[in-house]
Amino acid sequence: MSRLIRSLPRQESEWSARPPSCPTLAWKHGDFSLTGYGQAWRFDPGLGEGRFWRARDAWEKWLSGMEMDDRVGQVGSGPVGFGSFTFDSESGGSVVATPSVLVGRQGSRSWITTVGDVAPAMFESCHHRAKAPDRPRYLGATRPDWEWMESVARAVRMIESGCLRKVVLARDVEVWSKSPFDVRLLLDRLHGAYPACFTFLVNGLVGASPELLLRQRGREVQSLALAGTAPRHSDPDRDEQLALDLLASQKNRLEHALTVGSVEDALRQVCSRLSHNHRPTIAELANLRHLATSFLGVLARPMSCFEVLERLHPTAAVGGVPQGAALEAIRELEGIDRTGYAGPVGWFDQAGGGEWAIALRCARLNRTGARLFAGAGIVNGSLPEEELAETRLKLRTMTDALDLR
């Protein structure tokens, strides 16, 4: 195989007339998208500490043997990889990979990146999708609702005893279908419904996350901390009151402050300058609102996004405070393997930059089956039935996209 990575404006690429139809990797946010097909390179970073460093080293080693021809010069052109890391470093399933063909778009500009010699035949099987895929059916949760609520109650007691300040507990539900999921349709539905979120597909994990973990361009970094949740309402006056209640809620403000503190502590380890808004704003989604704090920083020295992720993950938005005690509580109380849920998911480039979200509002696909995930932050004053209701609202991102009725 040729060792050439080539990025061309779409109209100049041989793939412009017949792009493949089965994406294996994807990232969409606003009018920016990267959609990958096939697989040119894949690496398993393994378990335990150092997995982000191992991913960085493997990526740099693979690139060192490649020739580059980037005639686009756009963010997302040239060599691009995608990654998904499991929430728990002791859980298998993390991956970094590069597609054989990547279609990029930013506004009106589009380009195609190819790795080596790509044979059109490798994509032929993708063109035989059923025109009307079967609608998935609800199968059930790994743990009954009452059992999960009892775990929330136990977490509250741990917080009241002083063992924890916050812990995030997740739950999952499974669905099944008679026919394989139409991934392209699923991505289109998610991005169409949540264009401000980060729609992703990596290693069978698909979703639309509202939470930016890291955006890195050169030495500039950005992050968005989300914690504290309220539903939306169809009545405008009631909807506005719910927003005001969220801003005034002591419980939600505490949950948010703990998350902000964890992101700030991590970024100060690598940044020479760091700023953020000192009062939370509101991030508005179609069915939910979150308290939000935006971070902007400058790295103290040049480094790869993988090095920053090593310090950032897991934030208190998906883990808890103190971090070590919260992770132990999650292992004890959740009763599920999160796999990639709540882990970093995103894309990265040759220069060490990239864009990563926390894998929220997502599902793990397995041909005709899927596991959907959602979680809730537990702090002093949390009520199990309210936390369960919150997870049900969050699950709607995927149930609506999958057309579950």
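Here is a short chat about the overall build of this predicted model and the space inside.

User: What makes the protein count as a compact globule in terms of its radius of gyration?

Analyst: With 405 residues, a compact globule would have a radius of gyration near 22 Å, and the protein has 21 Å, so the two agree. Along the principal axes, the C-alpha atoms fill a box of roughly 60 × 50 × 40 Å.

User: And what share of the residues is called buried?

Analyst: Buried residues make up 58% of the 405; the label is used because their relative accessible area is under 20%.

User: How do you know which parts of the sequence the contacts join?

Analyst: Take contacts between residues at least 6 apart in sequence: 75% of them join residues at least 24 apart. The secondary structure behind this chat is eight helices and 23 strands.

User: Why is an empty space in here called a cavity?

Analyst: Because a 1.4 Å probe fits there but cannot get out. Counting those of 30 Å³ or more, there are four cavities. The largest has a volume of about 190 Å³. Of the 21 residues lining the largest cavity, the closest to its centre are Glu211, Ala317, Leu360, Arg361 and Lys394.

User: Which strand gives the largest share of that lining?

Analyst: S23, with five residues. Strands S11 (166-176), S15 (220-231) and S23 (369-378) each supply at least two.

User: What kinds of residues make up the lining of the largest cavity?

Analyst: Eleven are nonpolar, five polar and five charged.

Definitions and conventions: Residues are numbered from 1 along each chain as its sequence is written. This is a predicted model: local features need pLDDT of at least 70, side-chain atom pairs count only at pLDDT 80 or more; totals for chains, interfaces and linings use all residues. Side-chain values use heavy atoms; hydrogens and water are left out. On a 1 Å grid over the protein atoms alone, a cavity is a set of points where a 1.4 Å probe fits but cannot get out, and a pocket is an open set with protein on both sides within 12 Å along at least five of seven lines; lining residues have an atom within 4 Å of a point. Grid points are joined across faces, edges and corners, and a volume is the space filled by probe spheres set on the points. Helices (H or I, at least four residues) and strands (E, at least two) are DSSP runs, numbered from the N terminus. Ala, Val, Leu, Ile, Met, Phe, Trp, Tyr, Cys and Pro count as nonpolar, Asp, Glu, Lys and Arg as charged, and the others, Gly among them, as polar. The radius of gyration is taken over C-alpha atoms; the globule rule is 2.2 Å times the number of residues to the power 0.38. Buried means under 20% relative accessible area, exposed over 50%, partly exposed in between (1.4 Å probe, protein chains only). Contact means heavy atoms within 4.5 Å.
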